[in-house]
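Open the model in your viewer and keep the selection tool at hand. We will walk through it stop by stop.

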Amino acid sequence: MTRPIRVLVAKVGLDGHDRGAKIIATALRDAGMEVIYTGLRQTPEMVVNAALQEDVDAIGISILSGAHNTVFPKVIALMKEKKMDDVLLTGGGIIPDEDMESLNKLGVGKLFAPGATTSEIASYIKDWVKLNRNF
């Protein structure tokens, strides 16, 4: 690759717990990626617009509020609307396995539950970008 992988890490909605998102952002940076952290209380529109402006390769959403079945479908719909078909949407948090499967069928990438290692997450993003992005 000719440049670092660019990842936008976001917290959507009223979920005020961002320790995990900050840990992931730091781990991805330490793995050689360029990370944009949007902070708390973002809307799906804000996340997608920031990802478009920053020309990211991946969006990672941390969600603990239980709103994953609202947030991820809205973000993926906005990404499709803006022709961001070559950008990975991934994330993690408290998401039941059956909901992860439903979200994957909509086009959301792998979702990580508590206990996933930061190296597993970084490897997934690197492998996905290598296969799906041309730069």
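Start by selecting strand 1 (residues 6-11) and strand 3, which run parallel and are joined by five bridges. Helices (H or I, at least four residues) and strands (E, at least two) are DSSP runs, numbered from the N terminus. Two strands pair if DSSP finds at least two bridges between them. Now pick Leu8: opposite Leu8, in strand 3, stands Ile59.

A word on ground rules: this is a predicted model, where local features need pLDDT of at least 70, side-chain atom pairs count only at pLDDT 80 or more, and totals for chains, interfaces and linings use all residues. Residues are numbered from 1 along each chain as its sequence is written, and side-chain values use heavy atoms, with hydrogens and water left out.

**The sheet**

Widen the selection to the open sheet of five strands, with parallel pairing and the order 2-1-3-4-5. Strand 2 (34-37) and strand 5 stand at the edges with a single partner strand each, so one side of each has no neighbour in the sheet. Next, add helix 5 (residues 118-132), which packs on the sheet and touches strand 1, strand 3, strand 4 and strand 5. Contact here means heavy atoms within 4.5 Å. The direction of helix 5 makes about 170° with that of strand 4; axes are lines fitted to C-alpha atoms, for helices over the stretch in contact, and angles run from 0 to 180 degrees between N-to-C directions.

**Helix 3**

Select residues 68-81 for helix 3, whose 14 residues reach 20 Å from the first C-alpha to the last, close to the 20 Å expected at 1.5 Å a residue. That expected span is 1.5 Å times one less than the number of residues.

Which residues of helix 3 are buried? They are His68, Val71, Phe72, Val75, Ile76, Leu78 and Met79. These residues cover an arc of only 160° around the axis, which puts them on the same side of helix 3; the arc is that of the directions from the helix axis to the C-beta atoms. Buried means under 20% relative accessible area, exposed over 50%, and partly exposed in between (1.4 Å probe, protein chains only).

Show the surroundings of the buried residues and you will find helix 2 (44-54), strand 3 (58-63), strand 4 (88-93), helix 4 (97-106) and strand 5 (111-112) packed against them. Turn to the face away from the buried side for the exposed Thr70 and Glu81. Just after helix 3 comes Lys83, with a positive phi near 60°.

**Salt bridges**

Side chains of opposite charge can pair when their charged atoms come close. A salt bridge is a side-chain nitrogen of Lys or Arg within 4 Å of a carboxyl oxygen of Asp or Glu, and by this rule the count is ten.

Select Arg6 and Glu34, whose side chains meet in a salt bridge at 2.0 Å, N to O. Glu34 lies in strand 2 and Arg6 in strand 1, so this pair ties together parts 28 residues apart in sequence. Arg6 counts as buried at 13% relative accessibility, whereas Glu34, at 34%, counts as partly exposed.

Keep Arg6 and add Glu54: their salt bridge has its closest N and O atoms 2.8 Å apart. Glu54 belongs to helix 2 and Arg6 to strand 1, so the pair ties together parts 48 residues apart in sequence.

For a last stop, select Arg3, Asp55, Asp57, Asp86 and Arg133, which are linked in a network of salt bridges.
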